[in-house]
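Q: Please take a close look at the side-chain pairing in this protein. Set out which partners are involved and where they sit, then say what surrounds them.

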Amino acid sequence: MTTQNPTDPTPSDGNNPQRFLGETPEQEKSRLRRVATATIVGTTVEWFDFYLYATMASIVFGKVFFTSDDSQASTLSAFATFAVGFIARPIGGILFGHLGDRIGRKKVLVITFALMGTSTFLIGVLPTAGTIGIWAPVLLVILRIAQGMGAGAEYASAAVNSYEHAKSGRRGRQGSWPALGLNIGLVLSSAVIFLLTLNGDEFLINGGWRIPFIASILLVGVGMWVRSSLPESPEFTQKVEKDENATSNFANVFVHHWRSLLVVLFVAIGYNALSYIFKTFSVAYLDEFQGVSANVTSGAVMVAGLVALVTVPIFGELCDRLGSKTVIAAGGVLSAVFAFIFLALLSDSSTWKIYLAVAIGTGVLAPMMFSAQGSFLSRQFPAEARSTGVGTAREIGTAIAGGLAPLGALSLVVASPTDSTVGVGCVLVAAGVLVVAAALFDQGRRYTTDRN
């Protein structure tokens with residue numbers, strides 16, 4: 001048998017659709033290492049950029065891009081620009097998700113990476129409101145939209161590509177690779193904020209915030225080089241690239257796979273409401289209502305990210321042992337139980353309790369659900385509609401909850417005469433229940449016998 005280069009678009013072995021025809025076990029291991037590296041490194045840079053913006057919107061942007069004398073109003077305005085990025089995410093998810101089913105997962109990953117990286121760098125050199133007035137927030141919103149489109153396309157392409165490269169029985173572990181990259185990005189962005197605020201928040205507010213945005217262009221160069229070597233998915237190569245008729249028409253995804261779209265949509269709404277309240281609302285709440293410094297909050301998020309680097313591989317392994325449906329549903333149940341405990345720990349404003357609350361919410365519970373999503377969401381669709389389906393439904397759900405949940409939660413506290421967080425707790429409980437309900441309607445059995 002002639003040995004093929006594993007990056008060559010040759011149909012895969014029918015007995016193992018995750019292996020290229022003629023690929024030796026050694027070549028398969030090499031390919032999977034490159035896929036893991038490209039996925040994790042690329043996703044790390046993407047989410048470093050995205051979480052960097054989230055943290056700066058919580059702490060800095062209300063002060064430098066908005067001129068209101070009301071600090072709460074400025075913070076809400078900055079959070080609104082954060083939400084705008086989420087509104088743009090479905091555009092990226094739908095557009096690039098469909099392109100992923102048409103031209104391939106690899107090409108889309110390279111395009112979206114460049115879009116995200118360029119937008120982040122330009123935010124770092126953007127003049128403030130004190131220099132160009134109203135144009136500062138206008139340009140910030142435009143760049144945030146571009147950044148949101150890139151982030152919206154990132155997850156579906158990375159998760160689907162990892163899932164389709166995986167061996168049978170290892171899809172849970174390999175589907176969790178984007179979650180690992182996400183949390184490395186979270187650790188790096190939080191570590192940067194932590195270091196920049198060691199001597200207080202003044203340096204950050206007075207221009208120090210620009211440093212990580214501008215420096216991220218170096219990471220973009222590394223990421224582009226890594227992703228250019230990423231091999232195309234064997235399953236895409238076999239079922240789509242070699243058969244033009246296999247590619248699903250965009251409208252047909254809504255006609256034939258609407259149940260799958262709803263499952264992905266509701267999982268995304270529930271998960272993102274939980275995740276962004278745990279890690280984004282908490283930062284703004286502690287800064288605005290508890291007077292906690294950025295050094296403490298960024299340190300808590302950094303520690304939570306380090307915890308997640310340990311928990312993500314564990315949950316990926318559990319997906320292969322118990323099934324991704326079980327893991328994601330368990331995460332929803334535990335998050336609902338933890339909701340009011342989390343808020344009580346934050347309200348105490350004790351440093352160790354803040355660290356504990358964020359470590360459990362962002363380091364354990366959110367990664368539990370996110371680790372399972374790579375395999376759970378991908379298995380809801382056949383290969384020819386997978387990138388479109390995951391990209392469309394997940395990013396619409398992310399836009400609804402990821403952008404609006406922290407803004408809405410903060411607004412509930414602002415509207416309360418006593419700054420109560422009871423309403424926020426109710427949102428967290430409802431989000432956990434929604435994740436569980438969506439998981440129970442798993443459609444994966446229609447397309448695969450593999451529960452992962």
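A: A search of the whole structure, which is a predicted model, finds zero disulfides. Two cysteines can still be placed by their accessibility. Cys319 has a relative accessible area of 0% and is buried. Cys426 is at 45%, which makes this residue partly exposed, as it falls between the 20% limit for buried and the 50% limit for exposed.

The charged pairs are another matter. Side chains of opposite charge can pair when their charged atoms come close. The structure holds ten salt bridges, and three of them are followed here.

One of them joins Arg89 to Glu395, with 2.7 Å between the closest N and O atoms. Arg89 belongs to helix H3 (residues 71-103) and Glu395 to helix H17 (residues 383-415), so this bridge ties together parts that lie 306 residues apart in sequence. Both partners, Arg89 and Glu395, are buried.

Arg105 and Glu164 form another salt bridge, again with the closest N and O atoms 2.7 Å apart. Here Arg105 is in helix H4 and Glu164 in helix H6, so the pair ties together parts 59 residues apart in sequence. Arg105 has a relative accessible area of 0% and is therefore buried; Glu164 is buried as well, at 0%. This pair does not stand alone: Asp101, Arg105, Glu164 and Arg386 are linked in a network of salt bridges.

The third case is Arg173 with Asp320, where the closest N and O atoms are 2.6 Å apart. Since Arg173 is in helix H7 (residues 171-175) and Asp320 in helix H14 (residues 294-322), the bridge ties together parts that are 147 residues apart in sequence. The two partners fall into separate accessibility classes. Arg173, with a relative accessible area of 23%, is partly exposed, because the buried class ends at 20%. Asp320, at 11%, is under that limit and is therefore buried.

Helices H4 and H6, which hold Arg105 and Glu164, also appear in the surroundings of helix H10. The buried residues of H10 pack against helix H4 (105-124) and helix H6 (135-165), and also against H1 (25-59), H2 (61-64), H8 (177-196) and H9 (202-208). Those buried residues are Pro212, Phe213, Ser216, Val220, Gly223, Val226 and Arg227. An α-helix has 3.6 residues a turn, so residues three or four places apart point the same way. H10 itself covers residues 210-228, which is 19 residues. From first to last C-alpha H10 reaches 28 Å, close to the expected 27 Å, although there is a bend of about 30° at Ile217.

Helix H18 (residues 422-440) can be set beside H10. Its 19 residues should span 27 Å at 1.5 Å a residue, and the end C-alpha atoms are 28 Å apart, which agrees. The buried residues of H18 are Val424, Gly425, Leu428, Ala431, Gly432, Val435, Val436, Ala438 and Ala439.

Last, the confidence of the prediction. The mean pLDDT of the protein is 83, and 88% of the residues reach 70 or more. Residues 1-17 have pLDDT below 50, yet in the model this stretch has 42 contacts beyond near neighbours in sequence.

Conventions
Residues numbered from 1 in each chain as written. Predicted model: local features only at pLDDT ≥ 70, side-chain atom pairs only at ≥ 80, totals over all residues. Heavy atoms only, no water. Helix = DSSP H or I, 4+ residues; strand = E, 2+ residues; numbered from the N terminus. Expected span 1.5 Å × (residues − 1). Bend = angle between axes of the 7 residues up to and from the residue. Buried < 20%, exposed > 50% of the residue type's maximum accessible area, 1.4 Å probe, protein only. Contact = heavy atoms within 4.5 Å. pLDDT = per-residue confidence, 0-100. Salt bridge = Lys/Arg side-chain N within 4 Å of Asp/Glu carboxyl O. Disulfide = S-S within 2.5 Å.
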